[in-house]
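Colleague: I would like to take a close look at a single part of this model, and I would be glad of a careful, connected account that a first-year student could follow.

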Amino acid sequence: MNRPLDRRLGWTWWTRNGSYFRIFLREATSAFILAEVVLFMLLIHKAGQDAETYLAYRDFLWHPLMVVFHLVAFAFALWHTISFFLIAPSALPSQVAGRRIPAAFIMGQQFAGLAAVTLLLFLWVAWVGAT
Amino acid sequence: MSDTTVQLEVFRYRPDNGGPTYQSYEVPYHDDWVVLDALNYVKNYIDGSLSFRWSCRMGVCGSCGMQVNGEPSLTCAAFLRDHMPGPIRVEPLVNFPVERDLVVDINGFMEKLDHVKPYLVREDDDGDLSAEYVQTPTQLDRYKQFSMCINCMLCYAACPVIGRVDDFIGPAALALAQRYNLDSRDQGKQMRQDVIFQNEGIWECTFVGECSEVCPKHVDPAGAIQQAKLEGAFDYYKRLLTPWARRS
């Protein structure tokens, strides 16, 4: 009786090598981003309540453990963003109007856009803080 | 004869003879030998019962794909020197049912390949084999990279989605679908879209990207799938916003 042997990767695929593990970790970064979004929405909700509630929540966000969490979430978000920018050229059509678009141009545009938005946000926050 | 030797740990599976095992073979080491040379040495001089597929020995036929030290590789392109001092573990491609030793069952792959119609489809095909359909170098450049696929199936062994979703069409077949969809001479795009836009098509892919990493021909199937996704999403919104337009 001929019995082909099943050798599928299965659910533990991400433990097989470093490359798989990095991809798994990259996808897992979305959990941190989700958590930050929830914290931010709660902040908006608290801002609509009395000052004492808002300040207590703000102090909670500034707790040293929460600051560590924010930094980890920021690092993961940055990593996810950069890895996304790096793979973007292969996900886009290679030609626009019959001309080949260099991968470096696509990547460079994204990094330039990120830098520009970061700078604008920084200037806006600085301006709001000064007025 | 070389004085240096290297140890091969070869996956053995004989369906009528219990479960899988690993068998060690001591083979001569030569700087210019690839894993396939070592396997052929085993077959010819040590153990004639070892089964494996191979044909061209030059990275063209795509027959000799196996796991070499856990990595999906063409054994005709995997040099022993890159895996020294050994031992070198040789296994059948993962994600495929193993028929015997290093031979896998590729029927599932062939069926998936068939679904995407990996050939030029012409509405005006009247059976005239001398008909010519010209295209410019720029038109060729749109799909040329995706046409380099040799169906070696390394990408299927590297894809974790294939390991979990039996019906996923998979990297090579989807890349070939995209290759023909981008070909200016082809008119079968709509027929392929019905297959590749279903759940088991492009949308199952989570862009792990390992298929492109292991591809010996740099086809970049992950890129082809993402491009098809972009096109599919664009097409969906176009039809949503212009319901009166004829579906092309």
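Colleague: What radius of gyration does chain A have, and what would a compact globule of 131 residues have?

Modeller: Please keep in mind from the start that this is a predicted model. Chain A has a radius of gyration of 22 Å, whereas a compact globule of 131 residues would have one near 14 Å. The spans of the C-alpha trace of chain A along its principal axes are about 75 × 50 × 25 Å, and buried residues make up 4% of the 131 residues in this chain.

The secondary structure of chain A consists of four helices and two strands, and reading along the sequence one meets them in the pattern α-α-α-β-β-α. If we take the contacts in chain A between residues at least 6 apart in sequence, 41% of them join residues at least 24 apart. As for confidence, chain A averages a pLDDT of 88, and 98% of its residues score at least 70. Within chain A, the mean is highest in helix α2 (residues 51-61), at 93, and lowest in strand β1 (residues 95-96), at 74.

One residue lets us see this chain in more detail. Phe85(A) is found in helix α3, which covers residues 64-91 of chain A. Because Phe85(A) has 17 C-beta neighbours inside 10 Å, it counts as partly exposed; a residue would need 20 or more to be buried, and 12 or fewer to be exposed. Setting aside residues up to four places away in sequence, Phe85(A) touches Met107(A), Gln110(A) and Phe111(A). By contrast, the C-alpha atoms of Phe85(A) and Ala51(A), which are 34 residues apart along the chain, are separated by 41 Å.

Chain A also touches chain B, and this contact takes 24 residues from chain A and 26 residues from chain B. On the chain B side, the elements that give two or more residues are β6 (98-100), α3 (137-143), α5 (160-164) and α9 (221-241), and α9(B) gives the most, with five residues. Sorted by class, that side of chain B has 11 nonpolar, eight polar and seven charged residues.

Following the contact into chain B, we find that its domain assignment gives domain 1 (5-104) and domain 2 (107-241). The C-alpha centres of these two domains of chain B lie 30 Å apart, and the contact between them takes 14 residues from domain 1 and 13 residues from domain 2. On the side of domain 1 that touches domain 2, β3 (65-68) and β4 (71-74) of chain B each supply at least two residues, while β4(B) gives the most, with four. The residues of that side of domain 1 divide into seven nonpolar, six polar and one charged.

Finally, there is the largest nonpolar core, which has 68 residues; those that touch the most other members are Leu8(B), Val35(B), Val90(B), Met153(B), Cys155(B), Leu174(B) and Leu176(B). Helix α6 of chain B (residues 171-181) gives the most to this core, with seven residues. Domain 1 and domain 2 of chain B both give residues to the core, and therefore it lies between them. Among the core residues just named is Met153(B), and, leaving aside neighbours within four places in sequence, Met153(B) is in contact with Gly65(B), Leu93(B), Ile106(B), Phe109(B) and Ala172(B).

Notes. Residues are numbered from 1 along each chain as its sequence is written. Chains are lettered from A and ligands numbered from 1 in the order in which they are written. This is a predicted model: local features need pLDDT of at least 70, side-chain atom pairs count only at pLDDT 80 or more; totals for chains, interfaces and linings use all residues. A nonpolar core is a set of buried Ala, Val, Leu, Ile, Met, Phe, Trp, Tyr and Cys residues joined through C-beta atoms within 7 Å. Domain bounds come from an automatic or database domain assignment. Two residues are in contact if their C-beta atoms, placed from the backbone, lie within 7 Å. Ala, Val, Leu, Ile, Met, Phe, Trp, Tyr, Cys and Pro count as nonpolar, Asp, Glu, Lys and Arg as charged, and the others, Gly among them, as polar. pLDDT is the predictor's confidence in each residue, from 0 to 100. The radius of gyration is taken over C-alpha atoms; the globule rule is 2.2 Å times the number of residues to the power 0.38.
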